[in-house]
Amino acid sequence: MTQGPLTTEAGAPVADNQNSETAGVGGPVLVQDQALLEKLAHFNRERIPERIVHARGGAAYGTFTLTRDVSKWTRAKFLSEVGKQTETFLRMSTVAGNLGSADAVRDPRGFALKFYTEEGNYDLVGNNTPVFFIKDASKFPDFIHTQKRDPYTGSQEADNMWDFWGMSPESTHQVLWLFGDRGIPASFRHMNGYSSHTYQWNNEAGEIFWVKYHFKTDQGIRNLTVEDAVEVAGRDTDSHQRDLRLSIERGEFPSWTVQVQIMPEAEAAHYRFNPFDMTKVWPHADYPPIEIGKLELDRNPDNVFAEVEQSIFSPAHFVAGIGPSPDKMLQGRLFAYADAHRYRVGVNADLLPVNRPHATDARTYGRDGSLYDGRHGGAKNYEPNSFGGPVQTDRPLWSPTTVGGYTGNHEALAHAEDNDFVQAGDLYRLMPDDAKDRLVTNLATAISGVSAERDDIVDRAVGNFAHADGDLGRRLELAVKELRGRHN
């Protein structure tokens, strides 16, 4: 901020910022004190609506460096040359908590990454888990409602969560991730990030490849036990955000090794399960992760509200060479994320410094609305025009894919090994014995919170885990009965 006299928002000098203007000493405050009214009115509006999900988060700027030639798979310019660097902005967050909630809680973590490329911004929206609770965006509002405050009690309710999860077997895989050791990361720096979704890469020849991204923390995976998390959250609700900021201030720049799994287009249709199902991972034995780069964070935001709270991320922000897949969760988010920010921040949120392209200029015919800064001057606001305005390229960002059949509310086409429980069981059987013990304890503690008269909710929840693995089901059933005080 420049030096000089304090002014109003219109630039008029403020004579006294310590005392309101009154009708005489000790008299009532006057409406004509416009400096006071402006100050109070602005203060009342300092908070924009918080995100419905991912409200609580921290962020930093950094750099992505390409370390492998990937041009045979994608024509994206920021991925065109080994050693090429691209400025980034990474926001990490809890999912269910409100803006004032604690960081050290059991919850998935958002991992939203913005690449400021020379072809415009590319946003990659993911989590710290490779899977998700549901596979179709039509269920997303219902799912989130179960994680938020009940409309009657005003609290998060175990009845709601386990009722939904029990009646949605597809969630079993992600619930095991959530209640396992990685359910409470020690910090943002000590967790992985995943695209979770499948995306399209396309090369100069127009060939299509399906891709999943993995960001493997170079700091190593570190998690908190339930007991540790209670202590940390009680001592410092900002633990994750503070850790990220201080590490960068110390010059200890967190980094992640970036990998991709790549599936040729033709293999998707006949793969043993639906490769676009967000509740499943691609086994590494089938599609080994390929290291392609390094992500490092090295600069903190100057202003949390301007850069972290007003930052927006949309999976619909693609660049040439990258596009969507038929993933039904992704398809819904292509609309929902951008629309949420139009409501929350404003229709011109993309013009804010943290959101606008840094390595190129945005050239659109969009005008007016909240936050519009008049940057287009007197330029025409329609297309086509004969006044030298921007024109289309006639080359789509991604390659076309074949579709067919009748319109309708279709379930995804079943593949030979589509199943809601196989990968959840595989995950459980991969865990060492002590991790299995903690998982059973965490699940039983949570499920036992269901209302005493709703055994049906408990039975469905436990039944899903029994379908995943018989041992898990038996152990969980006994643990829940013990905690609920009903011994057989």
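Let us begin with W165 and what surrounds this residue in the predicted model. Leaving aside neighbours within four places in sequence, W165 is in contact with F133, F143, Q147, S171, V175, L178, F179 and N464. W165 also belongs to the largest nonpolar core, which has 43 residues. Together with W162, L176, L443, I447 and F465, W165 is among the residues with the most contacts inside that core. In soluble globular proteins, nonpolar side chains tend to be buried together.

Which elements give two or more residues to this core? They are α2 (140–147), α3 (158–166), α4 (172–179), α10 (422–430), α11 (433–447), α12 (455–468) and α13 (470–483). There is also a second core, separate from the one just described, with 38 residues. Among its members are A76, L113, L297 and F318.

I turn next to α4. How many residues of this helix are buried? Eight of the eight are buried, so α4 is largely enclosed by the rest of the structure. The buried residues are T172, H173, Q174, V175, L176, W177, L178 and F179. Two of these names have a further role: V175 and L178 are among the contacts of W165. The cover over the buried residues of α4 includes α3, α10, α11, α12 and α13.

Two packed helices are described by the angle between their axes and the distance between the axes. For α4 and α10, the angle is about 25° and the axes are 7 Å apart. Angles under 35 degrees count as roughly parallel, and that makes α4 roughly parallel to α10. On the α4 side, T172, H173, L176 and W177 take part, and they meet Q423, A424, L427 and Y428 of α10. Sorted by class, this contact has five nonpolar residues, three polar residues and no charged residues. An α-helix has 3.6 residues a turn, so residues three or four places apart point the same way. Please keep that in mind when looking at the list of contacting residues.

The second helix pair is α12 with α13. Their axes come within 7 Å and cross at roughly 150°. Is this pair parallel or antiparallel? The crossing angle makes α12 roughly antiparallel to α13, since angles over 145 degrees are counted that way. From α12, the contact uses V458, V462, F465 and A466. From α13, it uses G470, L472, G473, L476, E477 and V480. By class, there are seven nonpolar, two polar and one charged residues in this contact. F465 is thus both part of this contact and one of the residues with the most contacts inside the largest core.

Let me now move to the charged side chains. The model has 32 salt bridges by the rule used here. I shall present three of them.

The first example joins K84 and E118, with N and O 2.4 Å apart. K84 is in the loop between β1 (57–66) and β2 (85–94), while E118 is in the loop between β3 (109–117) and β4 (120–127). The pair links distant parts of the chain, 34 residues apart. K84 is partly exposed, with a relative accessible area of 23%, and E118 is also partly exposed, at 31%.

The next example joins D277 and K135, whose closest N and O atoms are 3.2 Å apart. D277 lies in the loop between α7 (265–268) and β9 (290–299), and K135 in the loop between β4 and α2, so the pair ties together parts that are 142 residues apart in sequence. Is D277 buried or exposed? D277 counts as buried, because its relative accessibility is 5% and the limit for buried is under 20%. Its partner K135 is partly exposed, with a relative accessible area of 25%.

The last example joins K328 and D136, with the closest N and O atoms 2.9 Å apart. K328 lies in helix α9 (residues 328–344) and D136 in the loop between β4 and α2, so this pair ties together parts that are 192 residues apart in sequence. K328 is partly exposed, with a relative accessible area of 30%. Beyond single pairs, salt bridges that share partners join R56, D103, D236, D238 and R242 into one network.

I close with T22, in the segment before α1 (34–44). T22 is partly exposed, with a relative accessible area of 30%. Not counting residues up to four places away in sequence, T22 touches G27, P28, V29 and L30. T22 and L351 are 329 residues apart in sequence, and their C-alpha atoms are 41 Å apart in space.

Key:
Residues are numbered from 1 along each chain as its sequence is written. This is a predicted model: local features need pLDDT of at least 70, side-chain atom pairs count only at pLDDT 80 or more; totals for chains, interfaces and linings use all residues. Side-chain values use heavy atoms; hydrogens and water are left out. A nonpolar core is a set of buried Ala, Val, Leu, Ile, Met, Phe, Trp, Tyr and Cys residues joined through side-chain atoms within 4.5 Å. Buried means under 20% relative accessible area, exposed over 50%, partly exposed in between (1.4 Å probe, protein chains only). Helices (H or I, at least four residues) and strands (E, at least two) are DSSP runs, numbered from the N terminus. Contact means heavy atoms within 4.5 Å. Axes are lines fitted to C-alpha atoms, for helices over the stretch in contact, and angles run from 0 to 180 degrees between N-to-C directions. Angles under 35 degrees count as roughly parallel, over 145 as roughly antiparallel, 65 to 115 as roughly perpendicular and the rest as oblique. Ala, Val, Leu, Ile, Met, Phe, Trp, Tyr, Cys and Pro count as nonpolar, Asp, Glu, Lys and Arg as charged, and the others, Gly among them, as polar. A salt bridge is a side-chain nitrogen of Lys or Arg within 4 Å of a carboxyl oxygen of Asp or Glu.
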